[in-house]
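Student: I've got this model open on my screen and would like to talk it through. Can we start with the ground rules and then go around the fold?

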Amino acid sequence: MPDSEPQLLPVIRLGNPILRTLSEDVPQSLLGSGELFSMADNLIHTMFKEEGVGLAAPQVAESLRFFAYWVPGDEDHPGIDPTVLVNPEIRPVGDTTEEGWEGCLSIPGLRGSVPRFSRIKVKTRTVEGASISFTADGFHARVIQHELDHLDGIVFLDRMTSMRSLAFEEELMRLVSESEDEAE
Ligand code: NI
């Protein structure tokens with residue numbers, strides 16, 4: 001098997017103290033390195049295999065400030081291809097927030113409604129080491145805020161303003177399929 005074959009990494013779950021630890025900056029020496037490329041590839045591979053839209057390095061027990069994500073396209077927005085942000089910083093653009101459903105590969109099976117800034121400015125390094133910045137909206141902004149929280153030891157449960165929306169995904173799916181049956 002060639003070295004470049006991406007690895008499926010075990011995803012740690014809530015209860016592992018690494019998920020509650022402030023991650024360290026990816027050091028300058030790793031930017032653009034084969035080691036970082038390979039770590040990024042493994043993160044993307046694991047994210048897809050586990051059917052997530054994002055996966056942060058601490059979730060694979062690597063306490064460093066980088067994460068992978070992608071955004072499926074919809075009628076309003078083109079999708080975003082798998083992307084890895086390294087040492088990212090964000091700030092909200094305006095103070096508008098919106099509620100939306102979130103889940104997390106480290107908290108499997110649960111969903112909750114979480115308020116997030118609708119629009120953010122992102123300043124980050126790429127895996128290659130380039131400095132870039134961009135603006136993200138809506139679900140794209142939500143995914144980045146969720147993943148960046150992981151780098152600070154924060155999970156979506158901490159961001160919920162009420163636990164009353166917390167639900168098992170299976171239960172939500174059952175309700176949706178029952179209401180679709182009724183509509184037929
Ligand atoms: Ni998560």
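Tutor: Sure, a definition to begin with: two strands pair if DSSP finds at least two bridges between them. Strands (E, at least two residues) and helices (H or I, at least four) are DSSP runs, numbered from the N terminus. This is a predicted model, where local features need pLDDT of at least 70 and side-chain atom pairs pLDDT 80 or more, while totals for chains, interfaces and linings use all residues. Residues are numbered from 1 along each chain as its sequence is written, and side-chain values use heavy atoms, with hydrogens and water left out.

Student: In what order do the 3 strands of the open sheet come?

Tutor: The pairing in this sheet is antiparallel. β4 and β8 (167–168) each have a single partner strand, so one side of each is left without a neighbour in the sheet. That puts them at the edges, and the order is β4-β5-β8.

Student: Which residue in β5 stands opposite Gly100?

Tutor: β4 and β5 run antiparallel and are joined by 6 bridges. Opposite Gly100 you'll find Val114.

Student: Which residue in the turn between β6 and β7 has a positive phi?

Tutor: β6 (residues 119–125) and β7 (residues 131–137) run antiparallel, with 7 bridges joining them. One of the bridge pairs is Thr124 with Ile132. The two strands form a hairpin with 5 residues between them, and the phi of about 105 degrees belongs to Gly129.

Student: What are the protein donors of the nickel ion?

Tutor: Donors here are N, O and S atoms within 2.8 Å of the metal (3.2 Å for Na, K and Ca); water is not among the atoms, so sites may look incomplete. Along the chain the donors follow the spacing C-x41-H-x3-H. They lie 2.1 to 2.2 Å from the nickel ion: Cys104 (SG), His146 (NE2) and His150 (NE2).

Student: Is Cys104 buried or exposed?

Tutor: Buried means under 20% relative accessible area, exposed over 50%, and partly exposed in between (1.4 Å probe, protein chains only). Cys104 has 9% relative accessibility, so Cys104 counts as buried.

Student: Which element supplies the largest share of the largest nonpolar core?

Tutor: A nonpolar core is a set of buried Ala, Val, Leu, Ile, Met, Phe, Trp, Tyr and Cys residues joined through side-chain atoms within 4.5 Å. The largest one has 18 residues, and Leu36 is among those touching the most other members. α1 (34–49), β2 (66–71) and β3 (80–92) each supply at least two residues. The largest share, 6 residues, comes from α1.
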